[in-house]
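Student: I should like to work through this model with you, one question at a time. May we begin with the terms on which the discussion rests?

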Amino acid sequence: MLMTDIIAKKRDGEKLNAEEIQYFINGYTNGDIPDYQMSALLMAILLKGMDREETLNLTMAMMHSGETLDLSGIDGVIADKHSTGGVGDKTSLILCPMVAACGVKIAKMSGRGLGHTGGTIDKLESFAGFDTGISDEEFIENVNKTGISIIGQTANLDPADKKMYALRDVTATVPSVPLIVSSIMSKKLASGADIIVLDVKAGAGSFMKNEEEARELATELVEVGKRAGKKTVAVITDMDEPLGYAIGNALEVEEAIEVLNGEDRGELSELCLELGACILTQAQLAENEEQAKAILQKSLVDGSALNKLAELVKSQGGCPDAVYNTELLPKSAVQLEVPSLQEGYVEHIAADGVGLISMQLGGGRATKESEIDLSVGVVLNKKVADAVKSGESLGTVYAKTAHEAQAAAEKLRECYKISSTPVIKPKFIKGIIK
Ligand code: URA
């Protein structure tokens, strides 16, 4: 088999068979196929597409390019969740303890933040001592004991995706449905859960800029998951503004704890209940969505979801006291309110812009090796459609120095678009694909 023939076949819009797909995934992962040939093939896939069978074959070949996690030692139904990436997205910190408190096992591998988007692993490290690098054996033991464990991605999981994603990033080949589907689903399938729920973001702050594109991606993700034998559901949600109010690691942990304490945080609470209801119904712990949401609400009211977060933190070596007293979370030296210079209604908040402010304050990484400051970030006081008076606070900046706070405050103001006429908030949950 020749790589040039495979590239030419896809260039001409033909379908690749399973052997050809296996050949280029193996060859690229072990270094026999160079970056320049893989780049050409990725661009041909982006331009000519792949049908569902090709996408499934690509996903399975990538999944088997490295280790797969064997979760057979865990009793009960295991769920996993993935989001296509967003700003202020602390959903996993709420959803995972909540569904674990309701009896579904959570064995989850999460990522670190890169660029303007955050990662669950960094956020969890806001709890002093929390270890996200425990062994596979401890991971499984913790899930059996407490019902939940969350770790960083192991080094040899899906090496094909690690190489391909880095290449896509620098060859303008990220926004392709078959490439995104195979990238996400190969990692999820290698992680071994029975139920996979996906939060597919639509809007300016995400890969899929509109609802139609997000729906196409969600449909393909679900189809590939189902064909691979997993119960898979996708929820399509709006990402035209940050999710919730807090952006920044410890600040997001604090907001997650507020939700676990039963406080309503608008769309953030809505999303956690929706994703949780998908998991409980797929796990057959609830007959329908309404019943599932009532079970989940109870876990918030009776404190069992919050206690489950404390158990998670403790079982991975962290200090759980901060779960009950958020004053113990990392705190920034400087806090600065950002008053609005205009009166009106919030029309838009640039999610990627706010994410970038948090990153530049030290809360995110420019490269994988950067050290981050867990305490910095932004807490919004106004969200889309809120009325705002001149001089009223748009948000608060949390920074290391007064100088950095001032610069961030000016940028935060620029992220807000204020309209003189009332604004109708777009629907947050745009659809559910099962
Ligand atoms: N997230 C992934 O893991 N892969 C993609 O291709 C896009 C988003």
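Tutor: Buried means under 20% relative accessible area, and exposed means over 50%. The model before us is predicted.

Student: Which residues of β1 lie on each side, given that both of its faces are covered?

Tutor: In a regular strand the side chains alternate between the two faces of the sheet. In β1, 6 of the 6 residues are buried, so the strand is largely enclosed by the rest of the structure. One side carries Ile-78, Asp-80 and His-82, and the other carries Ala-79, Lys-81 and Ser-83.

Student: In what order do the 6 strands of the open sheet run?

Tutor: The pairing in this open sheet is mixed. The twist averages 20° from one strand to the next. The order of the 6 strands is β3-β2-β1-β4-β5-β13.

Student: Which strands stand at the edges of the sheet?

Tutor: An edge strand here has a single partner strand, so one side of it is left without a neighbour in the sheet. This applies to the strands at residues 148-152 and 429-433, namely β3 and β13.

Student: Which residue of β2 is the bridge partner of Ala-79?

Tutor: Strands of a sheet pair through backbone hydrogen bonds, either parallel or antiparallel. β1 and β2 pair in the parallel sense over 2 bridges, while β2 (residues 105-110) and β3 pair in the parallel sense over 5 bridges. The β2 residue in question also has Ile-148 of β3 as a bridge partner. The partner of Ala-79 in β2 is Ile-106.

Student: What angle does the direction of α5 make with that of β2?

Tutor: Helix α5 packs on the sheet, where it touches β1, β2 and β3. Helix α10 (residues 211-227) also packs on the sheet, touching β4, β5 and β13, and its direction makes about 170° with that of β5. For α5 and β2 the angle is about 160°.

Student: How are helices α5 and α14 oriented to one another, roughly parallel or roughly perpendicular?

Tutor: Helix α5 (residues 91-101) packs against helix α14 (residues 304-315) with the axes 8 Å apart and at an angle of about 105°. Angles of 65 to 115 degrees count as roughly perpendicular. The orientation of α5 to α14 is therefore roughly perpendicular.

Student: How many residues of the contact of α5 with α14 are nonpolar?

Tutor: From α5 the contact draws on Leu-93, Pro-97, Met-98, Ala-100 and Ala-101, and from α14 on Ser-304, Ala-305, Lys-308 and Leu-309. Of these residues, 1 is polar and 1 is charged. The nonpolar count is 7.

Student: How many disulfides are there?

Tutor: A disulfide requires a pair of cysteine sulfur atoms within 2.5 Å. The count by this rule is 0 disulfides. For Cys-278, which is in no disulfide, the nearest cysteine sulfur is that of Cys-272, 12 Å away. Cys-278 is buried, with a relative accessible area of 5%, but the number of disulfides is 0.

Student: Where is Gln-284 placed, and is this residue buried or exposed?

Tutor: Most residues other than glycine have a negative phi, and most peptide bonds are trans. Gln-284 has a positive phi of about 60° although it is not a glycine. Its place is in the loop between α12 (267-282) and α13 (289-301). With a relative accessible area of 65%, Gln-284 is exposed.

Student: What is the relative accessible area of Ala-385?

Tutor: Ala-385 is found in the loop between β9 (377-380) and β10 (387-388). Its phi is positive, about 85°, although Ala-385 is not a glycine. Ala-385 is partly exposed, and its relative accessible area is 26%.

Key:
Residues are numbered from 1 along each chain as its sequence is written. This is a predicted model: local features need pLDDT of at least 70, side-chain atom pairs count only at pLDDT 80 or more; totals for chains, interfaces and linings use all residues. Side-chain values use heavy atoms; hydrogens and water are left out. Buried means under 20% relative accessible area, exposed over 50%, partly exposed in between (1.4 Å probe, protein chains only). Axes are lines fitted to C-alpha atoms, for helices over the stretch in contact, and angles run from 0 to 180 degrees between N-to-C directions. Helices (H or I, at least four residues) and strands (E, at least two) are DSSP runs, numbered from the N terminus. Angles under 35 degrees count as roughly parallel, over 145 as roughly antiparallel, 65 to 115 as roughly perpendicular and the rest as oblique. Contact means heavy atoms within 4.5 Å. Ala, Val, Leu, Ile, Met, Phe, Trp, Tyr, Cys and Pro count as nonpolar, Asp, Glu, Lys and Arg as charged, and the others, Gly among them, as polar. Two strands pair if DSSP finds at least two bridges between them.
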